[in-house]
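Please open the model in your viewer and keep the sequence panel beside it. The tour below proposes a series of selections, and says at each stop what is to be found there.

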Amino acid sequence: IRASHLLSRERSVLAEAMAKVAQGSDDLVVVIRADRKTPHEAVVRAMDVARQLGLVRITFSTQKPRNAD
């Protein structure tokens, strides 16, 4: 959902937001960006909701920590 944040952990809120962005398209790529502080459950929830909406092209974005050498 781009850089916006959802203020709810409810699946229905996430599903509504994803459906709004997808606008009925099922060929979008869902990019999940999470750091090590993100609960595993939240990542799985996002994947499940995406799949339920027919969004099956899912990938992950990683970023090297700023202080890592």
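The stops run from the whole chain to the helices, the strands, the core and a few single residues.

**The whole chain**

Begin with everything displayed as a cartoon, bearing in mind that this is a predicted model. The protein has 2 helices and 2 strands, and along the sequence they follow the pattern α-β-α-β. If you colour by burial, buried residues make up 17% of the 69 residues. With a surface switched on, the accessible area comes to about 6000 Å², and 50% of that area belongs to carbon and sulfur atoms. A contact map is also worth drawing at this stage: among contacts between residues at least 6 apart in sequence, 67% join residues at least 24 apart.

**Helix α1**

Select residues 11-22, which form α1. This helix has 12 residues and reaches 16 Å from its first C-alpha to its last, close to the 16 Å expected at 1.5 Å a residue. Now show the side chains of Leu 14, Ala 17, Met 18 and Ala 22, which are the buried residues of α1. They cover an arc of only 130° around the axis, and therefore sit on the same side of α1. An α-helix has 3.6 residues a turn, so residues three or four places apart point the same way. What covers the buried residues of α1 includes α2, whereas the face turned away from the buried side carries the exposed residues Glu 16 and Lys 20.

Step past the end of α1 to Gln 23, which lies in the loop between α1 and β1. Its phi is near 50°, a positive value in a residue other than glycine. Most residues other than glycine have a negative phi. Gln 23 is exposed, with a relative accessible area of 69%.

**Helix α2**

Next, select residues 40-52, the helix α2. At 1.5 Å a residue its 13 residues should span 18 Å, and the end C-alpha atoms are 18 Å apart, which agrees with that expectation. Its buried residues are Val 43, Arg 45, Ala 46, Val 49 and Ala 50. Looking down the axis of α2, you will find these buried residues within an arc of 160°, so they line one face of the helix. The cover over them includes α1, β1 and β2, while on the other side of α2 the residues His 40, Glu 41 and Gln 52 are exposed.

Is Arg 45, a residue of this helix, buried or exposed? Its relative accessible area is 14%, and because buried means under 20%, Arg 45 is buried. Leaving aside its neighbours within four places in sequence, Arg 45 is in contact with Arg 9, Arg 11 and Leu 14. After α2 comes Gly 54, whose phi is positive, near 85°.

**The two strands**

Turn to residues 29-33 for β1 and to residues 57-61 for β2. The two strands pair in the parallel sense over 5 bridges; to inspect one of these pairings, pick Val 31, whose bridge partner in β2 is Thr 59. Within β1, Val 30 and Ile 32 form the covered face, and Val 29, Val 31 and Arg 33 the uncovered one.

**The nonpolar core**

Now combine side chains from several of the previous stops, selecting Leu 14, Met 18, Ala 22, Val 30, Ile 32, Val 43, Ala 46, Val 49, Ala 50 and Leu 55, the 10 residues of the largest nonpolar core. The elements that give two or more residues to this core are α1, β1 and α2, and α2 gives the most, with 4 residues. Centre the view on Leu 55 and list its contacts: not counting residues up to four places away in sequence, Leu 55 touches Ala 22, Ser 25, Asp 26, Leu 28, Val 30 and Ala 50.

**A last stop after β2**

Finally, select Gln 63, which lies in the segment after β2. Gln 63 is exposed, with a relative accessible area of 71%. To end the tour, draw a distance from its C-alpha to that of Ala 34: these two residues are 29 residues apart in sequence and 9.3 Å apart in space.

Technical notes: Residues are numbered from 1 along each chain as its sequence is written. This is a predicted model: local features need pLDDT of at least 70, side-chain atom pairs count only at pLDDT 80 or more; totals for chains, interfaces and linings use all residues. Side-chain values use heavy atoms; hydrogens and water are left out. The expected span of a helix is 1.5 Å times one less than its number of residues. Buried means under 20% relative accessible area, exposed over 50%, partly exposed in between (1.4 Å probe, protein chains only). The arc is that of the directions from the helix axis to the C-beta atoms. Contact means heavy atoms within 4.5 Å. A nonpolar core is a set of buried Ala, Val, Leu, Ile, Met, Phe, Trp, Tyr and Cys residues joined through side-chain atoms within 4.5 Å. Accessible areas come from the Shrake-Rupley method with a 1.4 Å probe; for residues, only the protein chains shown count as cover. Two strands pair if DSSP finds at least two bridges between them.
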